[in-house]
Amino acid sequence: MLSLNRPLNKAKVQKNDEFYTQLSDIEKELKHYKAHFKNKVVLCNCDDPRISNFFHYFSYNFEALGLKKLIATCYKNQNADLFSRNDSEKAIYLEYIGDKNDNNIPDTDEIGIKYLKGDGDFRSQECIELLKQSDIVCTNPPFSLFREYVAQLIEHKKKFLIIGDQNAITYKKIFLLIKKNKIWLGVDNGGTKWFQVPLHYKIKTQARIKVENGVKFFSKGSIMWFTNLDHKKRHQNLILYRKYNPKDYPKYDNYDVIEVSKVADIPVGYNGIMGVPITFLDKYNPEQFEVLGLDDHRIQYPKLAGCNSINGKQIYRRIIIRNKESLNENRTQRNYRRGINKRV
Ligand SMILES: C[S@@+](CC[C@H](N)C(=O)[O-])C[C@H]1O[C@@H](n2cnc3c(N)ncnc32)[C@H](O)[C@@H]1O
């Protein structure tokens, strides 16, 4: 069978996009979506199947998830011993349709290796044809092409679960999709994740490097899962306990919007507009809150554009939100009081 999880020591890397997701991180996230995969074709389109843990996860869990087909394409690489050197103008892709000899292992002769005509770029016509055949796309795409990557998935109306950097939330087109509830964050977001890299991969900060059994890892913070697959967490209410008072929640200069510097401090029952850190999206339940915009020119709520200063002091990026439940509650109470007044 294919040697999955081969160390990356021989690979020559030309871009910072070469870092590989650990199986444990994939398992931790994917366990929340099992019901979505039954009878589906999964595409991992930035994944050398000989090294990708995404391919590993889906091929080893093929039967458990009830998949129909697994397709994985690699980029600029044909050589079975080296991977992602990005030094070949051609690439391969693999197709797997499940275990045939009942040993519950994806054996080499059960995995069809096919040659792509081009380099495996996810934007190439032949890769788009594979995308069209698929139902769910799951991978860690190159961060440098994240905008284009998501745009393509949306254009082809695909379901997806992909890894990205927290900053991607603030990309204009990504944010608009989030605001419209077309995409959202997955379950296991933020914190630090360790990614496997080739041994000669240059990392400036020593604390971000670890080598275990000859395999090199580097840590990245603020890594998020982006998806349009529903999961339980996004329907759970954030429990609010802090009471609003004007001293602890100052308003932005010239805007009737309060600053909430920690997501946990969103005041209970407050029905006005609030600015919250972008990590709020990890706790965002669209039944509880409405996302109104971002705090800068990309905002789709023009009256609030540029509202991220207090007494002239600039603050960190903020997402502008409103608590739908408090708003509805207040309306109901107002209507109730009006009803009583009329009767009296
Ligand atoms: C962050 S790495 C992740 C690899 C793998 N998906 C994983 O999580 O282990 C991104 C991968 O995308 C590949 N890549 C870069 N540009 C690409 C493109 N235009 N089309 C397809 N893949 C690309 C890189 O070679 C690299 O292997």
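Where does His 32 lie? The first legend below takes up that question, and the others visit further parts of this predicted model.

**View 1. His 32 and its partner far along the chain, Val 187.**
His 32 is found in the loop that runs between α1 (23–30) and β1 (41–44). With a relative accessible area of 36%, His 32 is partly exposed. Look for Val 187 in this view as well: 155 residues separate His 32 and Val 187 along the chain, while their C-alpha atoms are 7.7 Å apart.

**View 2. The ligand and the residues around it.**
Here we turn to the ligand, which has 20 residues around it. Those that come nearest are Asp 17, Glu 18, Thr 21, Asp 47 and Phe 122. What kinds of residue make up the shell around the ligand? Eight are nonpolar, seven are polar and five are charged.

**View 3. Polar atoms facing the ligand at Thr 21, Cys 46 and Arg 123.**
Start with Thr 21, where an N or O atom of the side chain is 2.5 Å from an oxygen atom of the ligand. Cys 46 takes part through its backbone, with an N or O atom 3.0 Å from a nitrogen atom of the ligand. Arg 123 brings a polar side-chain atom to 3.5 Å from a nitrogen atom of the ligand. How much of the ligand does the protein bury? Taken alone, the ligand exposes 580 Å², and the protein buries 99% of that.

**View 4. Phe 54 and Trp 225, an edge-to-face pair.**
The whole structure holds 14 aromatic pairs, and this legend follows one of them, formed by Phe 54 and Trp 225. Their ring centres are 6.3 Å apart, with 70 degrees between the planes. Phe 54 belongs to helix α2 (residues 53–60) and Trp 225 to strand β11 (residues 223–227), so the pair ties together parts that are 171 residues apart in sequence. Are the two residues buried or exposed? Phe 54 is buried, with a relative accessible area of 2%, and Trp 225 is buried too, at 0% relative accessibility.

**View 5. Phe 122 and Tyr 149, another edge-to-face pair.**
In this pair the centres are 4.9 Å apart and the planes make an angle of 75 degrees. Phe 122 sits in the loop between β4 (111–115) and α4 (125–133), whereas Tyr 149 is part of helix α5 (residues 146–155). The pair links distant parts of the chain, 27 residues apart. Both Phe 122 and Tyr 149 are buried. You have already met Phe 122 in the ligand view, as one of the residues that come nearest to the ligand.

**View 6. A cluster of rings, and two lysines over ring faces.**
Which residues do ring pairs link into a cluster? They are Phe 19, Phe 143, Phe 195, Tyr 201 and Phe 218. One member of the cluster, Phe 19, has Lys 220 over its face, at 4.8 Å from the ring centre. Elsewhere, the charged end of Lys 210 sits over the ring of Trp 194, 4.6 Å from its centre.

**View 7. Arg 234, with Asp 230 and Gln 288.**
Arg 234 lies in the loop between β11 and β12 (257–259). With a relative accessible area of 9%, Arg 234 is buried, because buried means under 20%. Its side chain joins that of Asp 230 in a polar contact of 3.2 Å. Gln 288 comes from another loop, the one between β13 (273–276) and β14 (289–294), and is buried at a relative accessible area of 2%. The C-alpha atoms of Gln 288 and Arg 234 are separated by 9.8 Å, with their positions 54 residues apart along the chain.

**View 8. Lys 157 and Asn 181, two residues with a positive phi.**
Most residues other than glycine have a negative phi. Lys 157 is not a glycine, yet its phi is positive, at about 50 degrees. Lys 157 is in the loop between α5 and β6 (159–165) and is exposed, with a relative accessible area of 73%. What is the phi of Asn 181 near? It is near 55 degrees, again a positive value in a residue other than glycine. Asn 181 has its place in the loop between α6 (172–179) and β7 (184–185), and at 29% relative accessibility Asn 181 counts as partly exposed.

Terms used. Residues numbered from 1 in each chain as written. Predicted model: local features only at pLDDT ≥ 70, side-chain atom pairs only at ≥ 80, totals over all residues. Heavy atoms only, no water. Near = heavy atom within 4 Å. Polar contact = N/O pair within 3.5 Å; in protein donor to acceptor, adjacent residues only side chain to side chain. Areas by Shrake-Rupley, 256 points an atom, 1.4 Å probe, with all protein chains shown as cover. Nonpolar A, V, L, I, M, F, W, Y, C, P; charged D, E, K, R; others polar. Phe/Tyr/Trp six-rings, centres within 6.5 Å; stacked < 30°, edge-to-face > 60°. Helix = DSSP H or I, 4+ residues; strand = E, 2+ residues; numbered from the N terminus. Buried < 20%, exposed > 50% of the residue type's maximum accessible area, 1.4 Å probe, protein only. Lys NZ or Arg CZ within 6 Å of the ring centre and 35° of its normal.
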